[in-house]
Amino acid sequence: MKKISQQSAKKNSKNFLIAGHSIKPATRTRINIDMGSIFDFTPVNLPIEVLNGAKDGPTIFVCSTIHGDEIIGIEIVRRLLRIIDEKQLCGTLIAIPVVNVFGFNDRSRYLPDRRDLNRCFPGLKNGSLASQLAYKFMQEIVLKSDYGIDIHTGAYNRTNLPQIRTDISNQENMRLAQAFNAPAIVNSNLRDGSLREATSQAKIPLILYEAGEALRFDEYAVQIGIDGIMNVVAEIGMIKRNHKISSSQIFIARSSSWIRASQSGICLIKAKLGDIVKKGQILAEISNPFGDNKIIIRSTQPGMIIGCCVLPLVNKGDALFHIGFEKNRDINHNLGDDFTKGVDRINNKNL
Ligand SMILES: [Zn+2]
């Protein structure tokens, strides 16, 4: 794996070969990867932009919208492409604003065959539609990369605190996660068929950025995402950054679980994303349309609220709060004013 510091990088003399295109050093190219067609034979393409840097360095891909309704990463990728200059870049950036082009055009998490793309990696050349898309994405992009960043959001009507999800026992992933410097890092087990599992098997370090809500933009989540990606590309020597980042404010969760509604009704939320909560702390109340038959929802363990329902109408069993349980820190530790202000900005937007 190439790790070259920005200062010592040599001039890049190689064209970058991808999807039948050859991209010269210090140039960028937009490519449409053929993904077949829809019923009326209208072609479907997977659009990507490739920046082949002026100097030698690693290759990183940044992708969004593997789930077709999780769109925050599209805005992150668009702005990133305006910030990064291929003439100053060491290595190659492959940017993919929309991976699940089929679901995206239908505002749907899934593909038209109702499969979840993030359960179909590494895919099969002649498999289902989702499997073929996963296969092409792996062959053309992932396996040509040394690193990856995959951008997701919460589900519809659920919002996430900006956070990195990764295996915190993996040193290289943790290095990228800490460099990203989102408010939280959440340890996550690999899921069968996920891009994370496929990259783990291919020994390509990948972190997953989760922030905000499906089908919504969120300026704070976008800003944290752009800063985080710039921090990561600086960490692996692709760009020069003058200021050092501090990781002291990152909340590291070793595990997490959801607190669910214990009855159906109207839900009033009493806590915010990013709140540090104690065991037994009141998080919400659920009552009938007259305000009677009230029940109180409490935190079952101390931790941080890393995800939250934003729809006040809930059914028994609905997921209300995602709580992260901390690693190696007193749970009542004060995370500081900057952290609190940042999280308040998210809550003003989302709740
Ligand atoms: Zn997702």
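This passage describes the zinc site, helix 4 and the aromatic contacts of a predicted model. Local features were accepted at a pLDDT of at least 70 and side-chain atom pairs at pLDDT 80 or more, whereas totals for chains, interfaces and linings use all residues. Residues are numbered from 1 along each chain as its sequence is written, and side-chain values use heavy atoms, with hydrogens and water left out.

The zinc ion lies 2.1 to 2.6 Å from its protein donors, which are His67 (ND1), Glu70 (OE), Glu70 (OE) and His152 (ND1); donors are N, O and S atoms within 2.8 Å of the metal (3.2 Å for Na, K and Ca), and sites may look incomplete since water is not among the atoms. The donor residues follow the spacing H-x2-E-x81-H in sequence. The angles subtended by the 4 donor atoms run from 54 to 148°, and the arrangement is therefore irregular, the term for anything that is neither tetrahedral (four donors, all angles between 85 and 135 degrees) nor square planar or octahedral (four and six donors respectively, opposite donors over 155 degrees apart and all others between 65 and 115). Both histidine 67 and glutamate 70 are buried, that is, under 20% relative accessible area with a 1.4 Å probe and protein chains only.

Helix 4 (residues 171-180) is largely enclosed by the rest of the structure, because 7 of its 10 residues are buried; helices are DSSP runs of H or I with at least four residues, strands are runs of E with at least two, and both are numbered from the N terminus. The buried residues of helix 4 are Glu172, Asn173, Met174, Leu176, Ala177, Ala179 and Phe180, and their cover includes strand 7 (147-152), strand 10 (206-213) and helix 6 (219-235). Just after helix 4, asparagine 181 adopts a positive phi of about 70°.

Phe61, Phe121 and Phe137 form one aromatic cluster, in which rings of Phe, Tyr and Trp (its six-membered ring) pair if their centres lie within 6.5 Å, with planes under 30 degrees apart counted as stacked, over 60 as edge-to-face and the rest as tilted. The structure holds 3 aromatic pairs. In one of these, the ring centres of phenylalanine 61 and phenylalanine 137 are 6.0 Å apart and the planes stand at 90°, so the pair is edge-to-face. This pair links distant parts of the chain, with phenylalanine 61 in strand 5 (residues 55-64) and phenylalanine 137 in helix 3 (residues 129-140), 76 residues apart. Phenylalanine 137 is buried at 0% relative accessibility.

How values were computed:
Buried < 20%, exposed > 50% of the residue type's maximum accessible area, 1.4 Å probe, protein only. Contact = heavy atoms within 4.5 Å.
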